[in-house]
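Student: I am new to this structure and would like a close look at its helices and at the loops that link them. Could you walk me through a few residues there, one after another?

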Amino acid sequence: MKDGTGQSSIIKTTAEKTVFPILFAISFSHMLNDTIQSLIPAMYPILKTSFQLNYAQIGLITFTFQLAASLLQPFVGSYSDKKPQPYSLAVGMCFTLIGLLLLSIVNHYYLVLLSVCLIGIGSSIFHPEASRVAYMASGGKRGLAQSIFQLGGNAGSSLGPLLAALIIVPFGRLSVSWFSILAIIAIGVLYKIGQWYKQHQVARKGRAGSAGTNRPNLSKNKIVISVIILLLLIFSKYFYIASITSYFTFYLIDKFHLSVQSAQFHLFLFLFAVAAGTILGGPFGDRFGRKYVIWASILGVAPFTLILPYAGLYWTSVLIFIIGVVLASAFSAILVYAQELLPGKLGLVSGLFFGFAFGMGGIGSALLGKLADHTSIRYVYQLCAFLPLIGILTAFLPNIETKKKSVQV
């Protein structure tokens, strides 16, 4: 029966019930996507030796990948706000598959840049639409949904260095092609998610319409200032994370004379901590308020980052784990805060913030690589230790949390 009541029932079901199978499926796809992405920085020691690269050239690899992964995201998100593209998730993963296969066989530095660019394009298509799917399936538990989605990505990021240490280091760069099976699996899963997405487009429009009525009572200038503050916090977080993902292995090798494999296991420890910490930010934000989670996550990590450059190997391992857990809780809270600040523009907001995060990671890696060449890798960490102090800007964010007690009626 296709009457107004039936359509209303569909919208209500989507709005009030969390669709965990879809959340877990999109999180699993995020894990596969980011596992492939994380192979890139995990391969840096191998690429540095194979192509005789300096730190600046390594930074350019990250910059190329992050630039490709960041520039398109706001445009993809904005376009899909107007014209939803349910199957774009699977299409994006096809770009990733091509880039991965190319990376395993190239014999020139510029072709390495092309390979990571293709992987970046795949990422730029994936993230805005995948974040929208998580929002659609959240059932109002937006922080929890984003945390589940982010957990998959961060788990995948943590697996890259481990898989590189266990597979790519002993078997060589050609073994990168073995990971194409992950991309193929992801394409299949994302196609099925695309079918669910397409079936629920009517419900999504209904939710977008109702979301518009929950717009916070803030002036346009206040909203713009708040978005700028959130982007500065993203800058702080991802500039620091870039210093870890791109250069932490070199830092450990330089300071503690570790082997490449041992250094990669330490990088895995950090990325595993990031994955573990991710699940905390969303639910804590739902319960206690996203502003407080952002405050605790960005500014709260500063004491540990300031101590890290002067710690021995044991305490470096302990501190890097704590830093990963605390810092990871911020992104879900920031993203959902921004979505609530600009309801009805999920794609644009997701694309802007994911894109800016990737962009800051790429720019940070390139600049820090140049800095390491002109100073030292240890100086990079002494300088980056102060980045989390930018978290003090959280004090200027408005309190927009809405207590959804009416849901319990």
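Tutor: Happy to! A helix here is a DSSP run of H or I with at least four residues, and the helices are numbered from the N terminus. Keep in mind that this is a predicted model.

Let us begin in a loop. Helix H11 covers residues 220–256 and helix H12 covers 260–288, and His257 sits in the loop between them. His257 is not a glycine, yet its phi is positive, near 60°. Most residues other than glycine have a negative phi. His257 has a relative accessibility of 67%, and because exposed means over 50%, this residue counts as exposed.

There is another loop to look at, between helix H3 (44–51) and helix H4 (55–71), and this is where you will find Gln52. Gln52 too is a residue other than glycine with a positive phi, about 55°. Its relative accessibility is 65%, so Gln52 counts as exposed.

Now follow helix H12 to Leu267, which belongs to that helix. Only 3% of relative accessibility is left to Leu267, so it counts as buried, the limit for buried being under 20%. What does Leu267 touch, apart from its neighbours within four places in sequence? Its contacts are Pro161, Ile244, Thr245, Phe248 and Thr249. You can also compare sequence with space here: Leu267 and Ser246 lie 21 residues apart in sequence, while their C-alpha atoms are 9.6 Å apart.

Next, turn to helix H2, which runs over residues 20–42 and holds Ser29. Ser29 is buried, because its relative accessibility is 0%. Setting aside residues up to four places away in sequence, Ser29 is in contact with Phe126, Val189, Leu190 and Ile193.

Let us finish at the surface. Phe28, Ile181, Ile184 and Ile185 together make a nonpolar surface patch of about 340 Å². Which helix gives the largest share of this patch? That is helix H9, residues 180–199, with three residues. Ile185 is placed in helix H9. With a relative accessibility of 39%, Ile185 falls between the limits for buried and exposed, so it counts as partly exposed.

Looking back over the tour, His257 and Gln52 are exposed loop residues, whereas Leu267 and Ser29 are buried in their helices.

Methods
Residues are numbered from 1 along each chain as its sequence is written. This is a predicted model: local features need pLDDT of at least 70, side-chain atom pairs count only at pLDDT 80 or more; totals for chains, interfaces and linings use all residues. Side-chain values use heavy atoms; hydrogens and water are left out. Helices (H or I, at least four residues) and strands (E, at least two) are DSSP runs, numbered from the N terminus. Buried means under 20% relative accessible area, exposed over 50%, partly exposed in between (1.4 Å probe, protein chains only). Contact means heavy atoms within 4.5 Å. Patches are made of residues with over 30% relative accessible area and no salt bridge: like charges are joined within 9 Å, nonpolar side chains (Val, Leu, Ile, Met, Phe, Trp, Tyr) within 5 Å. Accessible areas come from the Shrake-Rupley method with a 1.4 Å probe; for residues, only the protein chains shown count as cover. A salt bridge is a side-chain nitrogen of Lys or Arg within 4 Å of a carboxyl oxygen of Asp or Glu.
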